[in-house]
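Q: I'd like a close look at one topic here: salt bridges. Could you go through it slowly, and then set it against the strands and the nonpolar packing?

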Amino acid sequence: MGDFTPVHKPGHALSLTASAAVTGGQLLEVTGDLTVGPAAAGSAKVIGQAGHDAAAGAGVTVHAPGRTVTEATASGAVVAGDPLKAAAGGKVTKFVAGTDSHTAYLGVALKGAADGQACRFQPA
């Protein structure tokens, strides 16, 4: 059995890239691979709050208290911002709202991954 270490531990800030201008305290959602922007109304891709103002393309500190960022193998292609659910064999795959039970919702992909690749995500 191999070892496992989370990518990010609860209580620590994430350093990501702003895809649009953000203001400190704004709720942020995943907008692409390791990028975030201001959250849209009703977004299921919110991962935390901006720690400071940041211009598009600049680094931004994201505070996501109590949440872990981790990786699992993708089953099928996953795009950053996709909601996820568990797949066979301990993998993750896309969650389909309206089709999958809300109890199957696992979290949000922070980085896209092809089938069989590591998918970085933030569990709900």
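A: Let's fix the term before using it: a salt bridge here is a side-chain nitrogen of Lys or Arg within 4 Å of a carboxyl oxygen of Asp or Glu. Keep in mind that this is a predicted model. By that cut-off, the structure holds three salt bridges.

Start with Glu71 and Arg120, whose closest N and O atoms are 3.2 Å apart. Glu71 sits in strand β6 and Arg120 in strand β10, so this pair ties together parts that are 49 residues apart in sequence. As for burial, Glu71 has a relative accessibility of 34%, so it counts as partly exposed. Arg120 is partly exposed too, at 26%.

The backbone also connects these two strands. Four bridges join β6 to β10 (residues 118-123), and the two run antiparallel. One place to see that pairing is Thr73, which stands opposite Ala118 in β10.

Next, Asp82 and Lys94: their side chains meet in a salt bridge with an N to O distance of 3.9 Å. Asp82 is in the loop between β6 and β7 (83-87), Lys94 is in strand β8, and the pair links distant parts of the chain, 12 residues apart. The acid is on the inside here: Asp82 has a relative accessible area of 15%, so it is buried. Lys94, at 37% relative accessibility, counts as partly exposed.

That leaves Lys85 and Asp100, with the closest N and O atoms 2.9 Å apart. Again distant parts of the chain are linked, with Lys85 in strand β7 and Asp100 in the loop between β8 and β9, 15 residues apart. Both of these residues are buried.

Now for the strands that carry these side chains. An open sheet of five strands has the order β6-β10-β9-β7-β8, with antiparallel pairing. At its edges stand β6 (70-73) and β8, each with a single partner strand, so one side of each is left without a neighbour in the sheet. On average, neighbouring strands of this sheet are turned by 50 degrees against each other, direction ignored. So, to place two names from above: Glu71 lies in β6, and β6 is one of those edge strands.

The loop between β8 and β9 turns up again in an aromatic contact. A search of the whole structure finds one aromatic pair. It consists of Phe95 and Tyr105, with ring centres 5.6 Å apart and planes at 85 degrees, so the arrangement is edge-to-face. Phe95 belongs to the loop between β8 (91-94) and β9 (105-109), while Tyr105 is in strand β9, 10 residues away. Phe95 is buried, with a relative accessible area of 13%, whereas Tyr105 is partly exposed at 28%.

The rest of the picture is a second set of strands. A closed barrel of five strands runs β1-β3-β2-β4-β5, with mixed pairing. The twist in that barrel averages 60 degrees from one strand to the next. The mix shows up around β1 (residues 14-18): two bridges join β1 to β3 (residues 35-38) in parallel, and four bridges join β1 to β5 with the strands antiparallel. In register terms, Ala18 stands opposite Val36 in β3, and Ser15 has Thr61 as its bridge partner in β5. Strand β5 also pairs with β4 (residues 46-50), in the antiparallel sense over two bridges. There the bridge partner of Gln49 is His63.

Strand β5 (residues 59-63) has two faces worth clicking on: Val60 and Val62 make up the covered face, and Gly59, Thr61 and His63 the uncovered one. Those two valines lead straight to the packing. The largest nonpolar core has 16 residues, and Val60 and Val62 are among those with the most contacts inside it, along with Leu28, Val36 and Ile47. The elements that give two or more residues to this core are β1, β2 (27-32), β4 and β5, and β1 gives the most, with three residues. Apart from this core lies another one, of nine residues, among them Ala74, Leu84, Ala109 and Cys119.

Definitions and conventions: Residues are numbered from 1 along each chain as its sequence is written. This is a predicted model: local features need pLDDT of at least 70, side-chain atom pairs count only at pLDDT 80 or more; totals for chains, interfaces and linings use all residues. Side-chain values use heavy atoms; hydrogens and water are left out. Rings of Phe, Tyr and Trp (its six-membered ring) pair if their centres lie within 6.5 Å; planes under 30 degrees apart count as stacked, over 60 as edge-to-face and the rest as tilted. Buried means under 20% relative accessible area, exposed over 50%, partly exposed in between (1.4 Å probe, protein chains only). Two strands pair if DSSP finds at least two bridges between them. Axes are lines fitted to C-alpha atoms, for helices over the stretch in contact, and angles run from 0 to 180 degrees between N-to-C directions. A nonpolar core is a set of buried Ala, Val, Leu, Ile, Met, Phe, Trp, Tyr and Cys residues joined through side-chain atoms within 4.5 Å.
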